[in-house]
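Hi,

Here is the structure I promised to pass on. Have a look at it first, and then read my notes below.

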Amino acid sequence: MLPVVALVGRPNVGKSTLFNRLTRTRDALVADFPGLTRDRKYGQANYDGFQFIVIDTAGVHGDEEGIDAEMASQSLRAIDEADVVLFMVDARDGITVADNAIAEYLRKMSKKSYVVANKIDGIDANAAQADFFELGLGDVYGIAAAHGRGVEQLLEKAFTPLLETYPDIRVELAEPVPLVDEDGNVVVDEAGETIYVDPNQDLAHDEIDYSTLPLKLAIVGRPNVGKSTLINRILGEERVVVYDMPGTTRDSVYIPMERDERQYILIDTAGVRRRGKIDETIEKFSVIKTLQAIEDANVVIAVIDAREVVSDQDLNLIGFALNAGRSIVIAVNKWDGLSHDHREEIKRELDRRLGFVDFARLHFISALHGSGVGNLFESVQEAFASATQRVSTAKLTRILEMAVDEHQPPLVSGRRVKLKYAHAGGYNPPRIIIHGNQVERLPGSYQRYLTNYFRKTLGIMGTPIKVEFRESV
Ligand code: GDP
Ligand code: GDP
């Protein structure tokens, strides 16, 4: 589980700028759900060794009469979902009416809030910060979101109290270590130099035996696509022990189950098992819940409603899962009772819109009647096996040589980019590291060719793979 941070403040104080900075390395992760969340934007942040989910709220204008309504409609949910609120103000403007209104609101809520005075670049930061103590929310943290100044210190401060609850928040940054082969020998390059790899990612999971671990399977999708029906169908066919996890509405329900002698933990984002316990007025669907479930899963079943056009929200969810490196199986639900022509039309539409995830298996199912549900699990197994298979340096290097033989890298300024060898960089998702000379000059098209070649040759289905290039010395 990752902690959730909400950015609130009036317009123009720099919330989007900070949001973009925090999510920079994985900006494609931004899941924008128009219609569902109004003006909130969700992203996964990976900044200075911290990982967390960040919510950017639209600005609160603070015209006095409207403030409560506006807070309610825009930022309340975000604040409610968050562990920490970063209340942003503009260091150059001093306290405004809107700032005061927001501060008063935050003081009433028992949510940990930090006042962040942005845009301290080029001004007297201390004086500017001092002004904002009057907001009555404690220390004021000066930052320049546009340049990154002060951001690390702010996160350090805001996250230290959360470390115990969220041990995953901190990504340890360790020194590179020498790469060793299957026999434990240090691998060297052509010039006899030791190859170093990043232990934070490279082979970090080498010691894990995935075959004995329960497979965490998240069922995600927009409201009403049939997630609850699917989960009930899956559980109805199996003997399960269901237990309720205490927690807030943003928590999914984790259901252990066994199927074909394999242990699973079903991550239920629809929360059906809690029936009777949840407040009826609480939205069944929560973006945070969905993002957390994806983060926590090994494999994601993305459920799409065959009777609705594929929406941007569907694509966003799938995109989020892929960027998070999760294996994915797509279930097109409500396939029952459709005419042949209608089905063909839907298939064409899916082909057109799901091109970016063409390595994921597509299943046409009816959760209501149970058709196709069993086959889903074959693809889940296949995706997980693909994501965790071990491949030796020798084999990867052989595949690289085959790929290069079949199709040489292009000449760059009269010289050919030289690709020397490949090794595994990690699993789940698979990462392949290719060493060579002038690799930064490899065109994107050739990088894609190599990625596809590895995918085909290794028979990797249902999981994104990452091919990275390193300059050898
Ligand atoms: P939002 O409406 O709160 O999301 O604010 P934006 O992120 O859109 O920023 C509003 C304006 O402030 C933009 O013109 C930004 O370029 C500017 N801005 C944001 N952060 C900084 C900063 O650290 N220093 C300065 N000087 N300008 C900033
Ligand atoms: P959730 O919000 O994603 O959990 O969706 P539900 O499982 O609550 O289903 C929403 C609606 O779609 C309900 O009325 C279900 O009966 C219906 N539904 C779910 N699966 C199917 C299906 O396979 N076929 C048909 N025709 N309706 C379905």
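**What I found**

Let me start with a loop: G414 sits between strand 16 (411-412) and strand 17 (415-416). Keep in mind that this is a predicted model. Is G414 buried or exposed? G414 counts as exposed because it has 5 C-beta neighbours inside 10 Å, and the cut-off for exposed is 12 or fewer. If you look for Q381, which is 33 residues away from G414 along the chain, you'll find the two C-alpha atoms separated by 46 Å.

Now the overall picture. The protein chain has 473 residues, and 40% of them count as buried. Its secondary structure adds up to twelve helices and 20 strands. Taking the contacts in the chain with a separation of 6 or more, 71% are between residues 24 or more positions apart.

Next, a sheet that's worth tracing by eye. Six strands make up an open sheet with mixed pairing, in the order 11-12-10-13-14-15. At its edges are strand 11 (253-259) and strand 15 (361-364), each of which pairs on one side only. On average, neighbouring strands here are turned by 25° against each other, direction ignored. Helix 8 (residues 312-323) packs on this sheet, where it touches strand 10 (215-220), strand 13 (299-305) and strand 14 (327-333). The direction of helix 8 makes about 170° with that of strand 13. Back at the edge, strand 11 pairs with strand 12 (residues 262-268) in the antiparallel sense, over seven bridges. One pair to pick out is M257, whose bridge partner in strand 12 is Y264.

There's a hairpin to look at as well. Strand 3 (residues 41-47) and strand 4 (residues 50-56) run antiparallel and are joined by seven bridges. Two residues lie between these strands, and D48 in the turn has a positive phi of about 50°. Within the pair, N46 of the hairpin stands opposite Q51 in strand 4. Strand 3 is mostly covered, with five of its seven residues buried.

Helix 7 (residues 287-296) is mostly covered too: eight of its ten residues are buried. Among the buried ones are V287, I288 and L291, but also K289, T290 and Q292.

What about the nonpolar cores? In soluble globular proteins, nonpolar side chains tend to be buried together. Here the largest nonpolar core has 101 residues, and F87 and A302 have the most contacts inside it. Which residues does A302 touch, leaving aside those up to four places away in sequence? They are V220, G221, L317, I318, A321, I328, I330 and A331. Another core lies apart from the largest one; it has 14 residues, including V417, Y421, A424 and I433.

Finally, the surroundings of ligand 2. There are 16 residues around ligand 2, and G226, K227, S228, T229 and L368 come nearest. Helix 6 (residues 227-236) gives the largest share of this shell, with three residues. By type, the shell around ligand 2 divides into five nonpolar, seven polar and four charged residues.

Cheers

How values were computed: Residues numbered from 1 in each chain as written. Chains lettered and ligands numbered in written order. Predicted model: local features only at pLDDT ≥ 70, side-chain atom pairs only at ≥ 80, totals over all residues. Pairing = 2+ DSSP bridges. Helix = DSSP H or I, 4+ residues; strand = E, 2+ residues; numbered from the N terminus. Axes fitted to C-alpha atoms, helices over the stretch in contact; angles between N-to-C directions. Contact = placed C-beta atoms within 7 Å. Near = placed C-beta within 6 Å. Nonpolar A, V, L, I, M, F, W, Y, C, P; charged D, E, K, R; others polar. Core = buried A, V, L, I, M, F, W, Y, C linked by C-beta atoms within 7 Å. Buried ≥ 20, exposed ≤ 12 C-beta atoms within 10 Å, placed from the backbone.
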